[in-house]
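User: I would like to learn how to read a protein fold. Can we go through one step by step?

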Amino acid sequence: MPAGSDTLCPNNHRHWQGITPMKIGITGAEGRIGGFLRSGLDPKYKIKSFTLAPQAFESTVADVSDASSMPGKFEGLQAVIHLAGDPSPTGSWESMLRNNIIGTFNVLEEARRSGVKKVIFASTNHTQHGETMTDSPNELDMSKRVMLRLGDYFNPSSIYGASKATGEIYGRLFARKHGVQFVAMRIGAIGNDDTPLRAVGTPGENYVRAMYLSRRDLITAFTKALEIDREFTVAYAVSNNGRRIFDLRETNEVLGFYPQDDAETFFAGQK
Ligand SMILES: NC(=O)c1ccc[n+]([C@@H]2O[C@H](COP(=O)([O-])OP(=O)(O)OC[C@H]3O[C@@H](n4cnc5c(N)ncnc54)[C@H](O)[C@@H]3O)[C@@H](O)[C@H]2O)c1
């Protein structure tokens, strides 16, 4: 049988490479990253999309901040990619509490209840920018020459960063206490277009040059997160940027994720 082909087993189930397709849920599936993952992940992953409101594509409506809307939603899923939340580094405490902290707890709780093996969490680079950013939400302080590591203690630059750090901590609790595997992806900067050049000449240019995440690297990183079999993992989801301030070696080794793209290749083409 050629690699990657589908077959029907005697029970009439479709199998991919001899393995039953993995059923995964994506919360926040209508968002930017959700759209990239829905179109970019290998079709061997059978995706159930969860959205805040009805969409033009097939989805299950669930407000993750409302615990009463969650029971039963994850039945039959093997993994959940949890993207739903407020992604704004300047978002309010009320929104962070509701959408990011309570929402993530509710997702973990429903994953535990329905026996989901793994939750992959959209964490953020902002969990570690306390010393590296100016007071602006997306401006790197270039007077600071740092190379941060995953093991450096949380140092959030905003209520947003702190809300995601909180999600990682709850993830660790559910992994250790309830056996729900947890992968925290500290995502860099990924916009609607697949280029860091949108930031040229803006105060955010240095930030984007360090934090750029290409669409191709996003797909690879989340595929690796789906494949890994490990109780608790934290990884960087950023491209292999020449101006990175995150040390990628542990992510390379533990997740097996070796990003291919580099923001600097775009800027080199500008000259
Ligand atoms: N885009 C980036 O560069 C980036 C960087 C780091 C982390 N992240 C994280 O990745 C995730 C996805 O980011 P994005 O850029 O696609 O943002 P996005 O705003 O496009 O998508 C988030 C989605 O979550 C949904 N949502 C919000 N609150 C919800 C709730 N209470 N219940 C259900 N759904 C809810 C929204 O409807 C939205 O579609 C976010 O959690 C964000 O914090 C993004």
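Some questions and answers on this structure follow.

Analyst: This is a predicted model: local features need pLDDT of at least 70, side-chain atom pairs count only at pLDDT 80 or more, and totals for chains, interfaces and linings use all residues. Residues are numbered from 1 along each chain as its sequence is written.

User: In what order do the 7 strands of the open sheet stand?

Analyst: Helices (H or I, at least four residues) and strands (E, at least two) are DSSP runs, numbered from the N terminus. Two strands pair if DSSP finds at least two bridges between them. The pairing in this sheet is parallel, and the order is 5-4-3-6-7-8-9.

User: Which strands stand at the edges of the sheet?

Analyst: An edge strand here has a single partner strand, so one side of it is left without a neighbour in the sheet. The two are strand 5 (60-61) and strand 9 (232-237).

User: Which residue of strand 6 stands opposite I26?

Analyst: Strand 3 and strand 6 pair in the parallel sense over 4 bridges. I24 of this pair stands opposite A79. I26 has S49 opposite in strand 4. In strand 6, the residue opposite I26 is I81.

User: Which residue of strand 7 stands opposite H82?

Analyst: Strand 6 also pairs with strand 7, in the parallel sense over 4 bridges. Across from H82 in strand 7 is F121.

User: Which residues of strand 6 are buried on its two faces?

Analyst: In a regular strand the side chains alternate between the two faces of the sheet. Buried means that 20 or more other C-beta atoms lie within 10 Å of a residue's own, with C-beta atoms placed from the backbone; 12 or fewer is exposed, and in between is partly exposed. Both faces of strand 6 are covered, with A79 and I81 buried on one side, and on the other V80 and H82.

User: Where around helix 1 do the buried residues I33, G34 and L37 lie?

Analyst: Helix 1 spans residues 32-40, and I33, G34 and L37 are buried in it. The arc is that of the directions from the helix axis to the C-beta atoms. These residues cover an arc of only 100°, which puts them on the same side of helix 1.

User: What do the buried residues of helix 1 pack against?

Analyst: Contact means C-beta atoms, placed from the backbone, within 7 Å. The partners are strand 3 (22-27), strand 6 (79-82), strand 7 (118-124) and helix 5 (215-227).

User: Which helix joins strand 6 and strand 7 in a right-handed β-α-β unit?

Analyst: A crossover is right-handed if, with the strands pointing away from the viewer, the path from the first strand over the helix to the second runs clockwise. Strand 3, helix 1 and strand 4 (residues 45-51) make one such unit. For strand 6 and strand 7, the helix is helix 2 (residues 93-114).

User: Which helix gives the most to the shell around the ligand?

Analyst: Of the 22 residues around the ligand, G28, G31, A84, P87 and A122 come nearest (near: C-beta atom, placed from the backbone, within 6 Å). Helix 1, helix 2 and strand 7 each supply at least two residues of the shell. The most, 3 residues, come from helix 1.

User: Is S65 buried or exposed?

Analyst: S65 lies in the loop between strand 5 and strand 6. Beyond its neighbours within four places in sequence, S65 is in contact with R98, N99, I102, G103 and N106. S65 has 23 C-beta neighbours inside 10 Å, so it counts as buried.

Conventions. Two residues are in contact if their C-beta atoms, placed from the backbone, lie within 7 Å.
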